[in-house]
Amino acid sequence: MERWKGRVALVTGASVGIGAAVARALVQQGMKVVGCARNVDKIEKLAAECQSAGYSGTLIPYKCDLSNEEEILSMFSAIKTLHQGVDVCINNAGLAHNEPLLSGRTDGWRNMIDVNVLALAICTREAYQSMKERNVDDGHIININSMGGHRMVASSDEHFYCATKYAVTALTEGLRQELREAKTHIRATCISPGIVETEFAFRHHNNDPEKAAAVYESIKCLKAEDIASAVRYVLSAPPHVQIGDVQLRPVEQVS
């Protein structure tokens, strides 16, 4: 990780869960981390914690609604002005709504597409352009996916969400191919966790907290820090090594 010290990473959805853990880990490694979310209060608190802990990097909170392209473009413009550009892009932000295929609401589906798919693609495009214009040839784009991007969960609540994560799997491989065609050494990686104990289930099942709690009580789940460790592992690989897809799941997880 030594070569990443002082360089700039963007982490989307950095206020809680996996995003917060990844942001903390990269600040600890000496990176300048722009952590974005719609609500930055928790990121500001995390930034103060990182500073108090004496970490060598810096966490810069940035308010951004990833379902709004103009806000994303404004964020990248601000990063260019204040920090030259992005060297690492961690597309972590994602959400799920209980909207089955046979009865779901279109606005719920659209919100999942906007955040899980379009925002990821827009951030990827802008990060690549940032790297290209500065002749950065060793950058890295990491998409936080899900095991739901590789197999369908047997629950109607999850089917549209899984579809968006299948899209992330396809987008990451498409990105790898386009980077290869561009003859760049910028790398693309997909990290696909199984069940991770975060606020995700409580947001997903916001009308049924007991159901959300049961998700995490059924087995010994992954922790957000486990995913942050995977991000560090991917970034610390030698520049000639392309890690395409890292799949992590609890030992007890059945599917």
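## A seven-stranded parallel sheet and its surroundings

Seven strands make up an open sheet, in the order β3-β2-β1-β4-β5-β6-β7, and their pairing is parallel. At the edges stand β3 (58–63) and β7 (245–248), each with a single partner strand, so one side of each has no neighbour in the sheet. Please keep in mind that this is a predicted model. Helices α3 and α4 both come up below: α3 lies across β1, β2 and β3, while α4 touches β1, β4 and β5 (140–144). A search of the whole structure also turns up 13 salt bridges, and a few of them are worth a visit.

**The sheet and the helices on it**

- Ignoring direction, neighbouring strands of the sheet are turned by 15° against each other on average.
- Strand β2 (residues 32–37) and β3 run parallel and are joined by six bridges.
- If you would like a pair of residues to look for here, try valine 34, whose bridge partner in β3 is isoleucine 60.
- Helix α3 runs at about 155° to β1.
- Helix α4 packs on the sheet too, and its direction makes about 180° with that of β4.

**A closer look at helix α4**

- Helix α4 covers residues 106–133, which is 28 residues.
- From its first C-alpha to its last, α4 reaches 38 Å, close to the 40 Å expected at 1.5 Å a residue.
- Where should you look for the kink in α4? The kink is centred on leucine 118 and amounts to about 35°.
- Just after α4 comes asparagine 135, with a positive phi of about 60°.

**Two loop residues with positive phi**

- Asparagine 135 sits in the loop between α4 and β5, and its positive phi occurs in a residue other than glycine.
- Is asparagine 135 buried or exposed? With a relative accessibility of 70%, asparagine 135 counts as exposed.
- Glutamine 84 is not a glycine either, yet has a positive phi of about 75°.
- You will find glutamine 84 in the loop between α3 and β4.

**A salt bridge between buried residues, and its network**

- Aspartate 87 and arginine 7 form a salt bridge, with their closest N and O atoms 3.6 Å apart.
- This pair links distant parts of the chain, 80 residues apart: aspartate 87 is in the loop between α3 (69–83) and β4 (88–91), and arginine 7 is in the segment before β1 (8–12).
- Aspartate 87 is buried, because its relative accessible area of 7% falls under the 20% limit.
- Arginine 7 also counts as buried, at 18% relative accessibility.
- Which residues make up the network of salt bridges that includes this pair? Arg3, Arg7, Asp87, Arg134 and Asp138 are linked in it.

**Two further salt bridges**

- Lysine 223 and glutamate 197 meet through their side chains in a salt bridge, at 2.9 Å from N to O.
- Lysine 223 is in the loop between α7 (209–217) and α8 (224–236), and glutamate 197 is in the loop between β6 (187–193) and α6 (200–204), so this pair ties together parts 26 residues apart in sequence.
- Lysine 223 counts as partly exposed at 37% relative accessibility, and glutamate 197 is partly exposed with a relative accessible area of 39%.
- Arginine 105 forms a salt bridge with aspartate 107, and here the closest N and O atoms are 4.0 Å apart.
- Arginine 105 is exposed, with a relative accessible area of 51%, whereas aspartate 107 counts as partly exposed at 47%.

**Leucine 95 and its contacts**

- Leucine 95 belongs to the loop between β4 and α4, and is buried with a relative accessible area of 17%.
- What does leucine 95 touch, leaving aside its neighbours within four places in sequence? Leucine 95 is in contact with Asn111, Met112, Val115, Asn116, Tyr161 and Phe200.
- The C-alpha atoms of leucine 95 and alanine 201 are separated by 9.6 Å, although these residues are 106 places apart along the chain.

**Serine 236 in helix α8**

- Serine 236 lies in helix α8 and is partly exposed, with a relative accessible area of 39%.
- Between the C-alpha atoms of serine 236 and glutamate 71 there is a separation of 31 Å, with their positions 165 residues apart along the chain.

Notes
Residues numbered from 1 in each chain as written. Heavy atoms only, no water. Helix = DSSP H or I, 4+ residues; strand = E, 2+ residues; numbered from the N terminus. Buried < 20%, exposed > 50% of the residue type's maximum accessible area, 1.4 Å probe, protein only. Expected span 1.5 Å × (residues − 1). Bend = angle between axes of the 7 residues up to and from the residue. Pairing = 2+ DSSP bridges. Axes fitted to C-alpha atoms, helices over the stretch in contact; angles between N-to-C directions. Contact = heavy atoms within 4.5 Å.
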